[in-house]
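Thank you for asking for a reading of this structure. The points below are meant for someone who is meeting it for the first time, and they are best read beside the display.

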Amino acid sequence: MPSPSPADAPHTDLRHNGWIRHLPPSWRPYALLARLDRPVGCWLLFLPGVYGLFLPAGVSDAARWKDVVLFAIGAVLMRSAGCVVNDIWDRKIDARVSRTANRPLASGALSLRQAFFLLAVLLLGGLAILLQLPPICWALTPLALVLVALYPTAKRFTWWPQLIMGITFGFGAPMGYAAAHGTLDMTGLLLYGGVILWQLGFDTVYGFQDMEDDARIGVKSTSRLMVEHARLFVTLCYAGTLALFGLCALRAHLAGFFWIFFSAAALWLLWQGTHLTPCNPRRCLQDFRNNVPIGMLFALAFISGRLGLSL
């Protein structure tokens, strides 16, 4: 399949004009396979971990910020590993979808052997980060790895792959909470639930880009399932997120500064849901990307709510 031109496909997957172009040519396909050209996914994996790290009380500031650094590095490594796993599973499907046809495995720029080599390097790096976290995180990691390995199969068997994505990508929230608190209680689970709903919402928005291709090749998605009720569905997901995050803040007795940043994020999120245009791929991609600054506002809410200061 020919590569879509920028004019025809402004939402194409690959970005060759950023910092990737400064890499040696032989390295570029690896960076593209790991999605290093598009850090949005790293942020959306990392930020829930920050919420979890700052939600519980009784933790030193130095310990929290040390773990923030570890989670940031881990998010880049594990998001990249997840992308490699996803593209290994989906290489034949990707070759038939205009947005993904030029991904390294789908286009043949990299072989399966090269992809597995990169995956091994990324997982070894993730292991090095994991060993610096508390043992409870070691116990949770096998479940996270199973989710990462199975997520790409969801679109083949269920109309809810975006929900599976939320369960997988949102796992940083309980990991962060457990790392800080030493255990995983109801407050941590409520946080996880809120993150899952948030990610279900914005990944459904993301999936609206591919509905025609998905329908043509028989790939299931929550986006296709909910397209007739897109605004209502996404808005309800976001409303559930806000309700659970607010409940977490009350249970954890966060300071009043939490509600300042939380309110700003809430207004932006609800505006996005109520003004959604699923038939506009460019707009859907921008709405999806806007969840990074929205997520940063949530992070500021949890950080300032726990530290008791305005950032």
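**Notes on the model**

1. In the salt bridge between the side chains of Arg38 and Asp37, nitrogen and oxygen lie 3.5 Å apart, and both Arg38 and Asp37 are buried. Please keep in mind throughout that this is a predicted model. The pair just described can be read against a count of six salt bridges.

2. A second salt bridge joins the side chains of Arg35 and Asp87, with an N to O distance of 2.8 Å. Because Arg35 sits in the loop between H1 and H2 while Asp87 belongs to helix H3 (residues 61-94), this pair ties together parts that are 52 residues apart in sequence. Asp87 counts as buried because its relative accessibility is 1%, which is under the 20% cut-off. Arg35, with a relative accessible area of 5%, is buried as well.

3. Asp87 also meets Arg103, again side chain to side chain, in a salt bridge of 3.2 Å from N to O. Arg103 lies in the loop between H3 and helix H4 (104-107) and Asp87 in helix H3, so this pair ties together parts that are 16 residues apart in sequence. Arg103 is buried, and so is Asp87. Through shared partners, salt bridges join Arg35, Asp87, Asp94 and Arg103 into one network.

4. Arg35 deserves a further look for its backbone, since its phi is near 60°, a positive value in a residue other than glycine. As general background, most residues other than glycine have a negative phi. The position of Arg35 is in the loop that runs between helix H1 (28-33) and helix H2 (40-54).

5. Where does His253 lie? His253 is found in the loop between helix H13 (230-251) and H14, and this residue, although not a glycine, has a positive phi of about 55°. Arg35 is buried, with a relative accessible area of 5%, whereas His253 is exposed, with a relative accessible area of 66%.

6. Turning to the aromatic side chains, the count of aromatic pairs comes to 19. In one of them, the rings of Phe258 and Trp259 have centres 4.9 Å apart and planes at 85°, so the pair is edge-to-face. Trp259 pairs with Phe262 too, and since the ring centres are 5.4 Å apart and the planes stand at 80°, that pair is also described as edge-to-face. Trp259 and Phe262 both belong to helix H14 (residues 257-274), where they are three residues apart, about one turn of the helix.

7. Are these three aromatic residues buried or exposed? Phe258 is buried at a relative accessible area of 0%, and Phe262 is buried at 9%, whereas Trp259 is partly exposed, with a value of 32%. Ring pairs carry the arrangement further, linking Tyr51, Trp198, Phe202, Tyr206, Phe245, Phe258, Trp259, Phe262, Phe288, Phe298 and Phe302 into a cluster.

8. Tyr206, which is one of the residues in that cluster, also takes part in a contact through its backbone, for the side chain of Gln209 reaches the backbone oxygen of Tyr206 at 2.9 Å. Gln209 is placed in the loop between helix H10 (186-207) and helix H11 (211-217), and Gln209 is buried, with a relative accessible area of 8%.

9. Helix H16 (residues 291-307) contains 17 residues and reaches 24 Å from its first C-alpha to its last, close to the 24 Å expected at 1.5 Å a residue. Of the 17 residues of H16, 13 are buried, so this helix is largely enclosed by the rest of the structure. After H16 comes Gly308, whose phi is positive and near 75°.

10. Which residues form a nonpolar patch on the surface? They are Leu124, Leu127, Leu131 and Trp138, and together they have about 420 Å² of accessible area. Leu124 lies in helix H5 (residues 112-130), and it counts as exposed because its relative accessibility of 60% is over the 50% cut-off.

Definitions and conventions: Residues numbered from 1 in each chain as written. Predicted model: local features only at pLDDT ≥ 70, side-chain atom pairs only at ≥ 80, totals over all residues. Heavy atoms only, no water. Patch = residues over 30% accessible without salt bridge, like charges linked within 9 Å, V, L, I, M, F, W, Y side chains within 5 Å. Areas by Shrake-Rupley, 256 points an atom, 1.4 Å probe, with all protein chains shown as cover. Salt bridge = Lys/Arg side-chain N within 4 Å of Asp/Glu carboxyl O. Helix = DSSP H or I, 4+ residues; strand = E, 2+ residues; numbered from the N terminus. Buried < 20%, exposed > 50% of the residue type's maximum accessible area, 1.4 Å probe, protein only. Phe/Tyr/Trp six-rings, centres within 6.5 Å; stacked < 30°, edge-to-face > 60°. Polar contact = N/O pair within 3.5 Å; in protein donor to acceptor, adjacent residues only side chain to side chain. Expected span 1.5 Å × (residues − 1).
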